[in-house]
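Here's a quick tour of a multi-chain model, written for someone who likes cut-offs spelled out. Have a look at the structure first, then read on.

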Amino acid sequence: MTLIRKPLSRRSVLRAGAAGGALLATPTLLTSRAWAQGYLNEPTGSTVTLGFNVPQTGPYADEGADELRAYELAVEHLNGEGDGGMLGTFSSKALKGNGILGKKVEYVTGDTQTKSDAARASAKSMIEKDGAIMITGGSSSGVAVAVQALCQEAGVIFMAGLTHSNDTTGKDKRANGFRHFFNSYMSGAALAPVLKNAYGADRKAYHLTADYNWGYTTEQAVRESTEALGWDTVETVKTPLAATDFSAYITPVLQSDADVLVLNHYGGNMVNSLTNAVQFGLRDKVVNGKNFEIIVPLYSRLMAKGAGANVKGIFGSTNWHWSLQDEGSKAFVRSFGQKYGFPPSQAAHTCYVQALLYADACERAGTFNPCGVVEALEGFEFDGLGNGPTLYRAEDHQCFKDVLVVKGKENPSSEFDLLEIVEVTPVEQVTYAPDHPQFAGGALGSCNSGA
Amino acid sequence: MFGLDKKDTSLFFLVVVLVALAPFLLNPFPENSELAQFNAGYPDLMQRFLIFGIFAIGFNILFGLTGYLSFGHAAFLGVGSYAGVWMMKLLTMNVIPAIFMSVVFAGLFSLLVGYISLRRSGIYFSILTLAFAQMSFSLAYSVLTPITAGETGLQLALDDPRIIGVSAVDGSIPAANLFGLPMRESFELAMGGWLFTFNAGYYLCAVVMLAAFYVAIRIFRSPFGMMLRAVKSNQQRMNFTGVNSKPYTLAAFVISGMYAGLAGGLMVAMDPLAGAERMQWTASGEVVLMTILGGAGTLIGPVLGAGFIKYFENIFSKINDNVLYEWFSALPDGLADVLVFVIHPFIGKGWHLTLGIMFMLIVIFLPGGIMEGIERLGRLFSRKKKSETPSRAAPAPAE
Amino acid sequence: MDAILLQILNGLDKGSAYALIALGLTLIFGTLGVVNFAHGALFMIGAFCAVTLSRILTLSFTTIDPERTDFLGNPLKVETPYVESWFGPEIGTAIIDWSVPLAILFSIPIMAMVGLVMERGLIKYFYKRPHADQILVTFGLAIVLQEIIKYFFGANPIPTPAPPAFSGSFDFGALIGFDPNLIIYPYWRIVYFLFAGVIIGAVFAFLQFTTFGMVVRAGMADRQTVGLLGIDIDKRFTVMFAIAAIVAGLAGVMYAPINSPNYHMGMDFLVLSFVVVVVGGMGSLPGAVLAGFLLGILESFASMAQVVALLPGINQIIIYLVAIIILLTRPRGLMGRKGVMEN
C-alpha cells in the first residue's frame, strides 16, 4: 500500500485526521455544508486532481485518445517534467513547473462515449469519487453542453475540449464553463471572404446539414455569412445522424442549379458524405459555367484522413494546425512529436491549452476556488499558445483568436500532411457582439464553488 | 408479513438491509489503498444501481412473466425523463411532481405502443417495439429539438418559469429537492481509512426502489401474475378456454412501461438532464441484457444484472495505464511492463471488450444468469438440498 | 421523372447491401434456427478484409531521404511498398489500386474460416437454447469482434478507394435516352448492384439446382424427417453457416469503397437488417431480398427534399414506419410462413 495512490485531497486530509485522531474508529461525521468553509473538492494535501473526460469508445475514440495524450503531456509539463512545451512561450509566467500552486498535478480519466448521459455519469464519478477539482475534454457539443451544466451544478470548473456549436457559449453558456475552441459563427465569418475570393460572389449554395444541434448552428452561420457576401442559398437539406450512405441526398444536388455544396457534417458523417459527393462526380461538374465546388466548414485532420484523397482542394476552417510556424506551436509540436512520434491534432492542441490556461488561472488567482478561477480567466488576454493574441471574453467565456482557413493538400508528403493553411483570418474579423442573434438567449449566471 | 409469504418476506428484508447498508458494502476498500479504484460507494453510481434496478424489475414483469421480449423499453424511460425535466422547468424543483408526471407520461405512451405492438407476438412483437423506440429516438434527436433539445439534451435554464418554485437563486438554478432537502446533500462518515457517503438522493431512490420491488413481488404472486405466466406457457390454450389474454398482457406492458418511466423520473430527479440517447436501441438492449444476465423471471436477478453492467461501465472505463503502473509499482519494471501490456486492452477504452467477454461467459456457462450462479454456489455449500430436484433458476424465456 | 429514377437507382444500391445481409441472416435462421446478432460484425469483418489486404500490399521498407525533413526537422523516412520495388512502380501501384477487387478472393477463405469457427466453436452449443440466449451470446460476440478490430485499426474510418478505372461516374441517363448530365451515377455503385445480383442469384441457384441445396431446403422445411432419412443434416447446416458468412463478408468487401470502413459499421447495419428480415418474413429467402430492395428504395424516396418538406423527419423513421405498417397488415411479413418465431 502506498500513499501516493490518489490525491483525494479533501478526502485525504479527512482520512489523515480520522486515522490519526484515533487508532481505529472515532467516526467523523461531515456534511457537505459543514465542509463548506472552502469549496467543493478543495485540495488540502500535496496534490491536486484534474478529471479528463474524453470519448474512449464510440466513433470519436481516436480523437479522444489524442486529447488524452495532450493532457498527459500537459500534466508532465505542469509538474516540471519533459521540455516544458508551451510553458516557455506562454505570455503569462505564473506557472513555474512545480505543479499548480505548489501541488503536484494528478489526474483521473473517464469515458464520455460521446453520449450526454454517459459523459455526465463519468464526470460525476470523477467529482464525487476521485475529488476532481476541474473537468475537461470531450469531442462533441452535446457532451460539452451537458457536462458544462453538470459542473455548474456541482461547483467545479469545466474547460471544454473540442466543441464547435454556437450554443456552448451561446444559449447554453454557464459561469463555470470555458471554451478555447472556435465556433460555428467564427467558421462562417472566416470562410466567407476566402470563398468569395476563390469562387466569386455569384454562387448558388446547396447545404447538407447533420440533423442535430451542431449542424443547425453551423448551417446558419455559414449561410448568413456567405449570403452577406452575395451568395444564394438554393436549398438546405437535413440528413439523419445515423445515415451512412448519402447518395439519396447527393443526387438531388446534381439536378439543382447549385454550383457549391456545403457539407455541414462532422466525423463519420463528413467522411461518408464527402466520399459520396466525390464519387458522384460533383467535382468534375460544371454548372452555370463555373466549376462545381464542395466546402466542409469544420475540418479535422483525423477526419480528413478518413476521407483520403477526396479532401484535396476542399476548403474548410480549423482551430489550429501543426504546420503553424509561431514559437508556441513549434514548441508544442516538438514536445508532442518527440513523445508520441506524430504531430498533434487540433483537438489535442485545444485540450493542452485548456489545461495550461486553467493551471495558470489558479496560479494567478492564488486559489483553486472555482469563483477565483472564473475571475482570473474572465477577460484574460494571453499569447504564445499557438493562436496569436487571444482574449477569454468575460461576457460569454469564449476565446477570441485568429481562425485558420485551410484546404485539402494536393500533394501530401505524409499521412499527417493533409491540410494546408490558406489564410489566417485575423481575430477582428470573427469577433461578434455577445448578444449576436446566433448566440441569443441563456445567461452565464453566477459562479458556483459547490459550497 | 405485508401479504408476503415467509420466503418472500425474508428476501424482501434481505434487499432492504442490502440497500440501506450499500454505502458501507460498496466501499469495502480503504480510501488510500490501491483497490479503492474498485469502490462503487459514491452517490452517482449507487443511485444508478437502484434506478436501473427499477428499470430492470419493471422489464422483468413483462419479459419474465409473459415472455414478450420488448426491444423498445428505453423509449418509455426517455419519455419519462423528458416529462420530468419539463415539470422542473415549468412547475417546481421539487422532485415529486417530476417523478409523478414521468410515470404518467410513460404509462400513456406505453399504452399506445403496447396496444399496437401486442397485436403480434414473438419476434414480430420485438421488432414492432424496436421500431417505435427507434422512431422516438430519431425524432427526439432531430425534428423534435424544440421540445427535447436534441443533441445537447433537455436541461434547466435560469429563465425557466417554475411557476410554484423560483426561477433562480443568486444567479444559479435551484437544486432538485424533496420539500427542501436537496438531492445532492450528503453526509460523510470517516472511520479509520474508510470514507462512507450517505446521500439524500440515494435514499430517496432506495425508498422508491423498495416500494417498486415490493409491488413486483406482489404482482409475481398474484392471480394476475399467474395469468401472465399462463400467457407465456401456452397462449393458445388460454384463448381456447375462452380467456382473452390481451388485456392481461397489455396491463403487464403498461405496468412495466410505468416502471421505466419511474426510473426515468428518478434519473432526472438525481441529475436534471434528459438526453435522447436514453431512447436508442442500445439502451433498450441494455435492459434486456441486464434482465437476462441477472436471471429472467427471478425477482432479484434483474437488479443484480443492472448492477453488474453499470459497475463495469463506470469502474472499468476509468482504469488507465497510469493506474495499472501504480498497482504494479512494487514489481520490477520489466514485469510491470508485461503485465500492463497484457491487461491494457481490457481496461479504460477497452472496457467494452471486457463486457462482451463477460456476457459470453455468463450466457455460455450460466444459462439462468447470475441467479443460477448464486443458486449453484448455495447448493455447493448446503448439501442437504442436493436431493431436491434442481429447479432452473430462470424458466426459459419464450422466444 | 429523372429525379425519381435516380432515387430508384440509389434505393437499389442501398437495397443490395440490405438484401445481402438479410439473405445471410435468413440463411442462418432458416437452417440453424439461430438468431445471429453477430451478423453485422461479419459484414464489418468483410470490409476489413479489404482494408487488411491493402495494408498487406502496401507493406513497406524504409529508406531515409536526407534531402527532405519531417515535421520535427529530422530527415524524412520514405516508405516504399515491397510490391512496388518488386514489380516496378507502375505495376506495383496498379496492384495496390486494385486491392478491393483482389480482396474478394482474399476474403472468401477468411470468411469461411470465421464462419466455421463461429459455428463449431460457439453457435452449435446454442441450437437448443432459447432465442434470447442466442441473441445475448451473439451480441456479446459482436462486441468482442468489433473491439478487436478497433484495437488493431483504430476508431476512425479508413479510406479504401475503388480502382481508378471504377472510381469515376458516368452519364447513365444518356445511355437510356434521357437528356445528358441529368442522371449521373458512379461506376462502383453499378458494380455493387450487379455484384449483389450475381451473389443472390448464385445462392438461389445453389439451393435450387444442386443436391446439396435440395437437402438443405428439405432440412429447412422439416429437419427431423430429413434426419430420420439418415442424412447428416448438421454437417450441411455448418456449411450453410459458412456460406452465409461469406455472403456477409463479400457484401462488406464490396461496400468498402462506398463508405470508408470503421469498426462499428456492423452495428449500424444490424438493426436495419433485422427489420428487413422481419418485414420480409422470418425464414423466407425471397422475402428477405424483396424487403431489402423495397426498404432501400423507400428510404431513398423519403430522403427527397420535397418529401421531407411535406413530412418533416420522415427520412429518419421511414424504415421503422414501413415495418410497423407491414407487420400490422401482414402478420408474418411479406412472405413469412406461419408458426415461425411466433410464440
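Which residue in strand 5 of chain A is the bridge partner of A:Ile135? The partner is A:Phe158. Before going further: this is a predicted model, where local features need pLDDT of at least 70, side-chain atom pairs count only at pLDDT 80 or more, and totals for chains, interfaces and linings use all residues. Residues are numbered from 1 along each chain as its sequence is written, while chains are lettered from A and ligands numbered from 1 in the order in which they are written.

**The sheet in chain A**

Back to that bridge. Strand 4 (residues 134-137) and strand 5 (residues 157-160) of chain A run parallel and are joined by 4 bridges. Two strands count as paired if DSSP finds at least two bridges between them. Helices (H or I, at least four residues) and strands (E, at least two) are DSSP runs, numbered from the N terminus. In chain A, 5 strands make an open sheet with parallel pairing, in the order 3-2-4-5-6. At the edges sit strand 3 (104-111) and strand 6 (177-179) of chain A, each pairing on one side only. From one strand to the next, the twist averages 25°. Helix 3 (residues 116-128) of chain A packs on the sheet and touches strand 2 (47-54), strand 3 and strand 4 of chain A. The direction of helix 3 makes about 150° with that of strand 3 of chain A. Axes here are lines fitted to C-alpha atoms, for helices over the stretch in contact, and angles run from 0 to 180 degrees between N-to-C directions.

**Domains and interfaces**

An automatic or database domain assignment sets the domain bounds. For chain A it gives domain 1 (47-182 + 322-401) and domain 2 (185-318). Their C-alpha centres lie 30 Å apart. The contact between them takes 13 residues from domain 1 and 14 residues from domain 2 of chain A. Residues are in contact if their C-beta atoms, placed from the backbone, lie within 7 Å. On the domain 1 side, helix 2 (61-78) and helix 4 (141-154) of chain A each give two or more residues.

Now for the makeup of three contact sides. Ala, Val, Leu, Ile, Met, Phe, Trp, Tyr, Cys and Pro count as nonpolar, Asp, Glu, Lys and Arg as charged, and the others, Gly among them, as polar.

| Side | Nonpolar | Polar | Charged |
|---|---|---|---|
| Chain B, touching chain C | 25 residues | 9 residues | 3 residues |
| Chain B, touching chain A | 13 residues | 21 residues | 15 residues |
| Domain 1 of chain A, touching domain 2 of chain A | 3 residues | 7 residues | 3 residues |

Between chains B and C, the contact takes 37 residues from chain B and 33 residues from chain C. Helix 6 of chain B brings the largest share of the chain B side, 11 residues. Where chain B meets chain A, 49 residues come from chain B and 55 residues from chain A. There, strand 4 of chain B has the largest share of the chain B side, 6 residues.

**Chain C**

Helix 8 (residues 187-209) of chain C has 23 residues, so at 1.5 Å a residue it should span 33 Å, and its end C-alpha atoms, 32 Å apart, agree. The expected span is 1.5 Å times one less than the number of residues. Among the buried residues of this helix are C:Trp188, C:Arg189 and C:Tyr192. A residue is buried if 20 or more other C-beta atoms lie within 10 Å of its own, exposed if 12 or fewer, and partly exposed in between.

C:Ala3, in helix 1 of chain C, counts as partly exposed because it has 17 C-beta neighbours inside 10 Å. Leaving aside neighbours within four places in sequence, C:Ala3 is in contact with A:Pro252 and A:Gln255.

Note on methods
Two residues are in contact if their C-beta atoms, placed from the backbone, lie within 7 Å.
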